[in-house]
Amino acid sequence: MSWSHPAVLVFVYGAITAVATGLGALPFLFVRSLSARTIAYANAVAAGLMLGASFGLAAEGSDYGGWQTFVGVLLGVAFILATRRFLDRHEVEVGDVRGADARRVLLIVAVMTVHSFAEGVAIGSSFAGGMTLAALITVAIAVHNIPEGVAISAVMRPRGASLLSCAGWSIFSSLPQPLMAVPAYLFVDAFRPALPYGIGFAAGAMVFMVLAELLPEAFGKGPRPIVGLLVSLSLIAMLLFQAFL
Amino acid sequence: MAPTLTLLLYSSLAAGATILGALPLVRRERIPTRWIGGANALAAGLMLGAAYALSKAGRHGQPAELAFGAVLGVLFIFWTHRVSDTENLDLNRLSESDPVYGYQVLLVNALHAASEGVAIGVAMAVSTPFGLFMAVSIGVHNIPEGTILCAVLRSRGMRLGEAAGLAVAANVGQVLLALVTHGLVVAAPAMLPAAGGFAIGSLIYLVLVELLPESYRQAGATTIAVVTTVAMGALVLLSEVAK
């Protein structure tokens with residue numbers, strides 16, 4: 001195997017897209033305050049971005065198979081319920097973040113990481129269609145990862161996490177992309193049937209996380225119309241963003 | 001049947017389905033708060049699924065126009081809530097006898113229904129099966145909303161028959177807006193992406209400010225999240241089967 005082997009390229013491209021996720025921390029360079037409103041608004045933006053992303057995932061998954069996607073959604077919900085139960089029984093800390101805040105941070109990192117597995121498979125299978133479009137796909141996915149980094153940083157940063165750990169965890173959440181892209185590329189026929197389940201799983205987990213964790217806290221800490229506006233407008237921005245990539 | 005007549009039939013059936021929401025109140029005077037939370041969550045999931053289906057239908061069209069329409073839809077509902085002073089109105093207050101509250105609840109419900117009419121009209125302009133899918137989705141979602149409205153009106157001392165009638169009447173705007181939207185979009189097809197966007201934006205904003213905040217208090221975030229996510233997932237599935 002040489003450096004020019006397509007599988008190596010797939011890995012390198014996947015790694016570039018993962019690092020791009022870290023750029024999502026940049027908008028939070030100047031956000032430090034821990035006020036309740038900051039948390040409410042940051043949650044609202046993260047919720048909108050994640051809902052928009054799940055609309056895109058559901059559309060993609062149901063192109064492969066509606067029932068499989070639906071089963072994936074149910075599994076995604078079950079996964080978050082189980083993860084929450086586990087986190088409730090264990091004291092968790094993420095850097096300087098503790099208690100209920102740390103639980104939320106871990107949950108969003110877990111959700112985004114799991115969703116990257118499905119995305120990695122999607123990348124690998126799309127590369128299998130031919131390497132000519134590879135660079136284009138890579139740029140598209142790298143740019144598409146940035147708002148996902150924004151969503152993670154929006155949850156971490158107002159709770160006292162450093163910019164570096166926001167970027168670090170954002171990149172971590174995308175590491176499954178290069179890792180899954182390579183086997184998915186090499187064994188595309190074996191992976192493709194699993195794709196709608198994985199995509200549905202990611203969409204279900206994201207929507208559930210938004211509804212069970214991000215929105216209740218946002219509505220509890222911020223004025224209803226402003227939270228509603230921020231969620232809707234960031235959802236629309238995400239839809240627009242996906243349409244152009 | 002002419003598309004307009006088909007649409008009239010579908011959207012009337014959807015609005016009429018609201019009356020089924022009165023059934024849980026036949027045997028009991030009041031319904032438990034948790035049920036109201038669950039009904040809100042069910043309605044929210046179906047509306048999110050409807051917004052998703054519209055966004056999928058428009059994803060290979062004009063994304064900028066769709067987004068423009070969506071922002072307009074969000075701002076329209078934001079603005080109507082603001083001018084009618086209903087921004088923080090709890091729509092589910094039982095045993096609240098203030099006359100102003102009665103008017104506000106009916107007004108907000110009528111506006112809510114009107115946006116859903118736009119969704120049905122747009123879907124019908126995309127294709128007849130998609131219009132049927134949307135009418136079924138909105139019609140099914142009208143049932144839990146009808147239950148809540150009937151429960152509120154009933155707790156104000158109204159008889160069940162009158163409450164059910166008023167709940168259906170609040171949704172008549174749905175039929176009107178479906179027909180008007182469909183007529184406009186058929187006459188000027190260039191408006192389709194923006195009109196679809198308008199429906200998407202208003203549906204999403206309505207879910208966020210009218211349905212979710214109250215339901216969290218009524219039934220707890222986890223229950224609400226399970227019901228809403230599964231309802232939305234079921235509608236994603238139905239939108240594929242409908243094709």
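Leaving aside its neighbours within four places in sequence, with which residues is A50(B) in contact? The structure under view is a predicted model, and this tour begins with that residue.

**Stop 1: A50(B) and the nonpolar core**

Select A50(B) together with A119(B), M134(B), S137(B), I138(B), L203(B) and L235(B); these are its contacts once neighbours within four places in sequence are set aside. Then widen the view to the largest nonpolar core, which has 174 residues. A50(B) is among the residues with the most contacts inside this core, along with M209(A) and A119(B). The largest share of the core, 18 residues, is contributed by α9(A).

**Stop 2: α3(A) against α9(A)**

Select α3(A) and α9(A) next. Two packed helices are described by an angle and a distance, both taken between their axes. For α3(A) and α9(A), the angle is about 45 degrees and the axes are 6 Å apart. That angle lies outside the ranges for roughly parallel, roughly perpendicular and roughly antiparallel, and the two helices are therefore oblique to each other. The crossing of α3(A) and α9(A) is right-handed.

To display the contact, select on α3(A) residues including F70(A), V73(A), L74(A), V77(A) and I80(A), and on α9(A) residues including Y197(A), F201(A), A205(A), F208(A) and M209(A). The residues of this contact comprise 17 nonpolar and seven polar, with no charged ones. M209(A), which takes part in this contact, is also one of the residues with the most contacts inside the largest nonpolar core.

**Stop 3: where chain A touches chain B**

Colour the two chains separately and turn to the contact between them, to which chain A gives 31 residues and chain B gives 35 residues. On the chain A side, the elements that give two or more residues are α2 (36-64), α3 (66-89), α9 (195-221) and α10 (224-244). Of these, α10(A) supplies the largest share, 13 residues. Sorted by class, the chain A side has 24 nonpolar, six polar and one charged residues.

**Stop 4: α7(A) and F187(A)**

Select α7(A), a mostly covered helix in which eight of eleven residues are buried. The buried residues are P176(A), Q177(A), P178(A), M180(A), A181(A), V182(A), A184(A) and Y185(A).

Move on to F187(A), in the loop between α7 (176-186) and α8 (188-191) of chain A. Is F187(A) buried or exposed? F187(A) has 13 other C-beta atoms within 10 Å and is therefore partly exposed. Add G124(A) to the selection: F187(A) and G124(A) are 63 residues apart in sequence, yet their C-alpha atoms are 9.0 Å apart in space.

**Stop 5: V227(B)**

Return to chain B and select V227(B), which belongs to helix α9 (residues 221-241). V227(B) is buried because 23 other C-beta atoms lie within 10 Å. Apart from neighbours within four places in sequence, V227(B) is in contact with G38(B), A41(B), L42(B) and G45(B). A44(B) is also worth displaying: 183 residues separate A44(B) and V227(B) along the chain, and 9.1 Å separates their C-alpha atoms.

**Stop 6: D85(B)**

Finish at D85(B), in the loop between α3 (63-83) and α4 (99-126) of chain B. Most residues other than glycine have a negative phi. Phi of D85(B), however, is positive, near 55 degrees. D85(B) counts as exposed because it has 10 C-beta neighbours inside 10 Å.

Terms used: Residues are numbered from 1 along each chain as its sequence is written. Chains are lettered from A and ligands numbered from 1 in the order in which they are written. This is a predicted model: local features need pLDDT of at least 70, side-chain atom pairs count only at pLDDT 80 or more; totals for chains, interfaces and linings use all residues. Helices (H or I, at least four residues) and strands (E, at least two) are DSSP runs, numbered from the N terminus. A residue is buried if 20 or more other C-beta atoms lie within 10 Å of its own, exposed if 12 or fewer, and partly exposed in between; C-beta atoms are placed from the backbone. Two residues are in contact if their C-beta atoms, placed from the backbone, lie within 7 Å. Ala, Val, Leu, Ile, Met, Phe, Trp, Tyr, Cys and Pro count as nonpolar, Asp, Glu, Lys and Arg as charged, and the others, Gly among them, as polar. Axes are lines fitted to C-alpha atoms, for helices over the stretch in contact, and angles run from 0 to 180 degrees between N-to-C directions. Angles under 35 degrees count as roughly parallel, over 145 as roughly antiparallel, 65 to 115 as roughly perpendicular and the rest as oblique. A crossing is left-handed if the near helix is turned anticlockwise from the far one by less than a right angle, and right-handed if clockwise. A nonpolar core is a set of buried Ala, Val, Leu, Ile, Met, Phe, Trp, Tyr and Cys residues joined through C-beta atoms within 7 Å.
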